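I opened my notebook to look a few things up, one entry at a time. Here is what I wrote down as I went along.

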Amino acid sequence: MAEISLALAASHTPGLTGWFDKAPDEDRRIVRRAYDAIHQAVLDSRTDVLLVIGNDHVANARVNDYADFTFGLAERHTGPDEWFKPWLRVADYALPGAPDVAATLHDQVRDSGRTVRAVRENLRFDDNLSVPSAMADLPGTGVAVVPVLQNCTVPPVPDERACYAFGQALGTAIRTALPDGLRVGLLGSGGLSHEPGGPRYLEIDEEFDRWWLDLLVAGDHERVLAEATFERMEEAGSGGTAELLSWVVVMGAIGPRPCTSLGYSAVDQWRCGVGAVQWDLS
Amino acid sequence: MALDRFNPLLRTNDLVQDLKWDRDLRARFEADEAQVLADYPLSDEERTAIRERDFRRLHELGLHPYLLSQLARLIHGTGEKAGTSQAATELIRSLLGDQYESYMAERGE
């Protein structure tokens with residue numbers, strides 16, 4: 001039996017790499033500390049393979065033929081995609097993949113009721129993988145990565161309960177279908193509140209963000225699912241805040257547990273609430 | 001105003017993706033936008049809205065908001081100025097219409 005060795009979630013936004021220095025010192029310190037903690041947690045947990053679950057940002061399929069979840073099966077995941085380079089301003093990176101793990105997990109969950117794809121070629125990665133990779137120096141940890149890109153914004157969007165159920169299926173697949181002794185980590189990448197391309201593009205809903213983090217720290221997943229619905233996320237920033245569904249997938253995989261907040265910062269210039277958590281797996 | 005107007009069959013969605021994915025098409029768009037719009041299977045309504053930078057109209061026709069933000073970047077560039085890039089502000093100016101000035105004043109920007 002493989003084991004879930006680590007469960008984390010963190011925001012991604014181009015501002016963290018593209019214009020990090022627009023933020024006040026204290027916010028930069030908070031965010032730097034959070035991603036340093038993520039880097040250290042990957043090392044300390046002796047994680048072999050890290051699943052990074054994150055919004056696809058309409059980058060890998062037509063909007064009229066859009067999968068709910070897409071597993072990246074490439075031998076190496078490289079990024080960022082060319083179009084995003086001037087925006088993200090991160091160095092080109094290459095993360096080792098884990099094609100066998102990705103293929104096994106895809107096979108286990110493809111009948112879960114959602115549209116689930118697996119892609120052998122390198123996927124187009126924007127801030128979803130590039131920001132955590134750069135900010136938490138994932139290449140420096142040596143961990144292999146399986147990207148799981150997700151539909152958080154193209155209606156019909158799999159809602160909080162669908163994502164939680166997918167996470168449960170994923171957790172079962174990790175524990176039952178992967179090689180003995182393999183240590184598998186989970187990183188939900190997305191959120192917090194933001195509204196890319198909408199009239200509230202410049203706004204962050206700090207009240208929602210802090211409420212969400214407090215709810216997760218308390219660890220009552222049924223309450224999270226009852227109150228932090230897809231509709232509630234949309235109210236806090238349409239087409240962006242629901243990237244928190246990636247955190248919900250992680251919660252489904254590990255079951256009801258409290259987590260620790262690694263920090264939160266609301267900087268208008270980043271155009272996205274930035275926070276991170278680590279769940280207690282003990 | 002959210003995802004409620006989204007139309008997965010609106011061809012402008014495909015055009016914005018192609019502009020992001022195809023460097024040559026992007027270069028042609030920058031050099032001769034009218035020709036690219038004429039060649040792409042869009043409705044006249046879509047062509048007019050793109051030509052007039054009418055982001056609100058494109059939203060109403062069903063362009064996905066994220067792709068709308070990317071179209072604004074294609075047109076207005078990626079430069080960042082104190083966190084409110086021209087692409088973002090031009091997009092909001094179009095979306096908010098008459099309310100833009102008072103909204104920005106209220107935000108102190």
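**Entry 1: a histidine in a helix**

Leaving aside its neighbours within four places in sequence, which residues is His106(A) in contact with? I kept in mind that this is a predicted model. My list came out as Phe71(A), Val116(A), Arg117(A) and Ala118(A). I then checked where the residue sits, and His106(A) belongs to helix H4 of chain A, which covers residues 99–109. Is His106(A) buried or exposed? Its relative accessible area is 14%, and buried means under 20%, so His106(A) counts as buried.

**Entry 2: a glutamate in a loop**

Next I turned to Glu243(A). I found Glu243(A) in the loop of chain A that runs between helix H9 (230–235) and helix H10 (245–254). Its relative accessibility is 1%, so I noted Glu243(A) as buried.

Which residues touch Glu243(A), once neighbours within four places in sequence are set aside? I wrote down His12(A), Asn55(A), His57(A), Cys152(A), Gly190(A), Gly191(A) and His194(A). With His12(A), the side chain of Glu243(A) also makes a polar contact, at 3.2 Å. I looked up one C-alpha separation too: Val145(A) is 98 residues from Glu243(A) along the chain, and their C-alpha atoms are 19 Å apart.

**Entry 3: the cysteines**

Cys152(A) had come up among the contacts of Glu243(A), and that made me curious about disulfides. How many disulfides are there over all chains? The search of the whole structure gave 0.

Why is Cys152(A) without one? The closest cysteine sulfur belongs to Cys163(A) and is 6.6 Å away, which is too far for a bond. Seen from the other side, Cys163(A) is in no disulfide either, and its nearest cysteine sulfur is that of Cys152(A). I checked accessibility for both: Cys152(A) is buried at 0%, and Cys163(A) is buried at 0%.

**Entry 4: a second glutamate**

Glu195(A) was my next stop. I located Glu195(A) in the loop between strand E8 (183–189) and helix H7 (206–218) of chain A. At 2% relative accessibility, Glu195(A) counts as buried.

What does the side chain of Glu195(A) make a polar contact with? I found the side chain of Arg200(A), at 2.7 Å. The side chain of Glu195(A) also reaches a backbone nitrogen, that of Ser238(A), at 2.8 Å. Apart from neighbours within four places in sequence, the contacts of Glu195(A) are Arg200(A), Tyr201(A), Gly237(A) and Ser238(A).

**Entry 5: empty space**

Rolling a probe the size of a water molecule over the atoms shows where empty space is left. How many cavities of 30 Å³ or more does the structure hold? I counted 4.

The largest cavity has a volume of about 190 Å³. Its lining has 17 residues, and Thr13(A), Pro14(A), Trp87(A), His194(A) and Pro196(A) lie nearest its centre. I recognised His194(A) from my list of contacts of Glu243(A). By class, the lining of the largest cavity has 8 nonpolar, 5 polar and 4 charged residues.

The second largest cavity has a volume of about 60 Å³. It is lined by 11 residues; closest to its centre are Gly197(A), Gly198(A) and Pro199(A), along with Ala2(B) and Pro65(B). I sorted this lining into 6 nonpolar, 4 polar and 1 charged.

I also looked up the largest pocket, whose volume is about 170 Å³. It has 14 lining residues, with Asn60(A), Ala61(A), Thr70(A), Val119(A) and Leu123(A) nearest the centre. Strand E6 (116–119) and strand E7 (144–150) of chain A each give at least two residues to this lining. The classes here are 6 nonpolar, 5 polar and 3 charged.

**Entry 6: a helix in chain B**

Last, I went over to helix H7 of chain B, residues 86–96. Why do I call this helix largely enclosed by the rest of the structure? I do so because 8 of its 11 residues are buried. Among the buried residues of H7(B) are Ala87(B), Leu91(B), Ile92(B) and Leu95(B). Their cover includes helix H5 (55–61), helix H6 (65–76) and helix H8 (100–107) of chain B. Just after H7(B), I noted that Gly97(B) has a positive phi of about 55 degrees.

Conventions:
Residues numbered from 1 in each chain as written. Chains lettered and ligands numbered in written order. Predicted model: local features only at pLDDT ≥ 70, side-chain atom pairs only at ≥ 80, totals over all residues. Heavy atoms only, no water. Helix = DSSP H or I, 4+ residues; strand = E, 2+ residues; numbered from the N terminus. Buried < 20%, exposed > 50% of the residue type's maximum accessible area, 1.4 Å probe, protein only. Contact = heavy atoms within 4.5 Å. Polar contact = N/O pair within 3.5 Å; in protein donor to acceptor, adjacent residues only side chain to side chain. 1 Å grid on protein atoms, 1.4 Å probe; cavity = no way out; pocket = protein on both sides within 12 Å on 5 of 7 lines; lining within 4 Å. Points joined across faces, edges and corners; volume = space filled by probe spheres on them. Nonpolar A, V, L, I, M, F, W, Y, C, P; charged D, E, K, R; others polar. Disulfide = S-S within 2.5 Å.
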